[in-house]
Amino acid sequence: MPERFEVGLPDGVRLHVETTGPADAPVTAVLLHGWTLDGRSWHRQLDALTGLPGEAVRVVTFDARGHGRSSCMELPTATLAQLGDDLAAVIDTVAPAGRVVLVGHSLGGMTIMEYAHRHPAHFTARTAGLVFVSTTAEGHTHTAYGLSPRITRLIRLAETTGAGVLARCGSWRPPRPLLRALQPSIRWMLFGDRCDPADIRLVTSAVARASLRSIGGFRASIGAQRRLDTLAALAHLPAAALVGDRDRLTPPPCAESIAAALPATELTICSGAGHMLMMERPDEVNAALTGVLRRVLAESPPDASCVVPPQASDTSAVETGA
């Protein structure tokens with residue numbers, strides 16, 4: 001059974017965290033979910049990682065601010081920069097020692113890049129491997145929704161306008177009847193050729209838990225992020241990048257530019273898959289993740305003197321039970 005608790009951040013936000021595996025494991029895998037989702041989106045990866053034979057790995061998932069079971073936040077903190085700071089705080093609290101492998105889907109991958117950009121010394125001292133799943137380092141540069149440029153421009157205008165309205169709606173959450181009505185659109189936007197109905201239900205449930213402020217508030221910084229230069233400085237790390245060739249939000253050019261910035265990255269393009277690779281192609285994602293973990297476990301751990309101390313903050317962990 002996973003251990004569940006909260007991590008308190010300096011601005012009062014409480015993050016819901018779940019961990020499995022020994023606290024003294026030599027490597028901790030931190031799995032970061034996508035925009036409007038929550039930690040449950042990694043359930044097929046959790047099953048694979050807990051079954052690694054003879055290899056002690058601790059696995060951490062957490063719900064980003066304004067998502068899942070984590071608390072809502074003030075609108076000015078609905079930014080990728082803040083998510084990068086949150087990730088640093090979670091690592092300091094949940095995995096204060098040992099090597100860390102960071103695994104990010106969509107918004108989660110962008111969060112990892114922001115952490116590397118804003119906390120380079122901390123990142124270098126702690127991070128031993130990277131896995132990017134359906135994400136981008138170039139904002140909405142390549143996002144065309146699989147449609148013509150003219151229609152894409154219209155959708156983006158409507159999306160950004162709507163995001164501004166939603167961002168002002170505070171901690172309210174999307175009405176479940178509306179989300180059920182939108183399930184065909186969610187399926188079209190997020191999934192490729194095949195989709196398990198249980199996955200649609202899980203995604204819809206996750207969106208229903210996200211605050212309207214987080215759904216709308218993060219949109220501006222997501223579209224504006226440019227972090228290829230940051231990635232280029234990380235070329236020494238074991239890494240993998242995966243994308244579906246039917247991904248309408250972060251299409252293959254997004255993963256290809258990440259792989260170009262990280263030449264040693266193992267790039268996997270999944271035929272017929274959309275944006276939710278962890279669910280649509282769990283075997284490919286699990287193989288990439290366990291491959292990076294095994295490379296990290298096979299390496300000699302860094303000298304302890306190279307590890308930076310935790311960042312000064314009033315971050316705290318409080319158990320919440322089930």
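The residues that line the second largest cavity of this predicted model split into three nonpolar, three polar and one charged. You can pick them out by name: Pro 2, Glu 18, Thr 19, Thr 20, Leu 46, Val 59 and Thr 61. The space they surround has a volume of about 40 Å³. Two elements give two or more residues to this lining, namely strand 2 (14-20) and strand 4 (57-62). Of the elements, strand 2 gives the most, with three residues.

Let's stop at one of those lining residues, Thr 19. Thr 19 sits in strand 2. Is Thr 19 buried or exposed? Its relative accessible area is 3%, and anything under 20% counts as buried, so Thr 19 is buried. Who does Thr 19 touch, if we skip its neighbours within four places in sequence? The answer is Pro 2, Glu 3, Phe 5, Arg 58, Val 59, Val 60 and Val 94.

Now for the other cavity. The structure holds two cavities of 30 Å³ or more, and the largest one has a volume of about 90 Å³. Its lining is made up of Leu 15, Leu 32, His 33, Phe 62, Ala 64, Arg 65, Leu 83, Asp 86, Leu 87, Leu 107, Gly 108 and Thr 111. Sort them by class and you get seven nonpolar, three polar and two charged residues. Helix 2 (80-94) and helix 3 each put at least two residues into this lining.

Those two helices also pack against each other, so let's see how. Two packed helices are described by the angle between their axes and the distance between the axes. For helix 2 and helix 3, the angle is about 80° and the axes are 8 Å apart. Angles of 65 to 115 degrees count as roughly perpendicular, so helix 2 is roughly perpendicular to helix 3. On the helix 2 side, the residues that meet helix 3 are Leu 80, Ala 81, Leu 83, Gly 84, Asp 85, Leu 87, Ala 88 and Ile 91. Helix 3 answers with Leu 107, Met 110, Thr 111, Ile 112, Glu 114, Tyr 115 and Arg 118. Taken by class, this contact has ten nonpolar, two polar and three charged residues.

Helix 3 (107-118) turns up again in the largest pocket, where it is one of the elements giving two or more residues to the lining. How much space lies in that pocket? About 1100 Å³. Its lining has 40 residues, and those nearest the centre are Trp 35, Thr 36, Glu 159, Met 189 and Leu 249. Besides helix 3, the elements with two or more residues there are helix 5 (149-167), helix 6 (176-181), helix 7, helix 9 (212-217) and helix 10 (219-224). Which element gives the most? That's helix 5, with six residues. Across the lining of the largest pocket, the residues divide into 24 nonpolar, 14 polar and two charged.

Finally, follow helix 7 (residues 183-190) from the pocket to its packing with helix 8 (residues 197-209), where the angle is about 105° and the axes are 10 Å apart. That angle makes helix 7 and helix 8 roughly perpendicular to each other, too. Helix 7 makes the contact with Gln 183, Ile 186, Arg 187 and Leu 190, while helix 8 uses Ile 200, Val 203 and Thr 204. By class, that comes to four nonpolar, two polar and one charged residues.

Conventions: Residues are numbered from 1 along each chain as its sequence is written. This is a predicted model: local features need pLDDT of at least 70, side-chain atom pairs count only at pLDDT 80 or more; totals for chains, interfaces and linings use all residues. Side-chain values use heavy atoms; hydrogens and water are left out. Axes are lines fitted to C-alpha atoms, for helices over the stretch in contact, and angles run from 0 to 180 degrees between N-to-C directions. Helices (H or I, at least four residues) and strands (E, at least two) are DSSP runs, numbered from the N terminus. Angles under 35 degrees count as roughly parallel, over 145 as roughly antiparallel, 65 to 115 as roughly perpendicular and the rest as oblique. Contact means heavy atoms within 4.5 Å. Ala, Val, Leu, Ile, Met, Phe, Trp, Tyr, Cys and Pro count as nonpolar, Asp, Glu, Lys and Arg as charged, and the others, Gly among them, as polar. On a 1 Å grid over the protein atoms alone, a cavity is a set of points where a 1.4 Å probe fits but cannot get out, and a pocket is an open set with protein on both sides within 12 Å along at least five of seven lines; lining residues have an atom within 4 Å of a point. Grid points are joined across faces, edges and corners, and a volume is the space filled by probe spheres set on the points. Buried means under 20% relative accessible area, exposed over 50%, partly exposed in between (1.4 Å probe, protein chains only).
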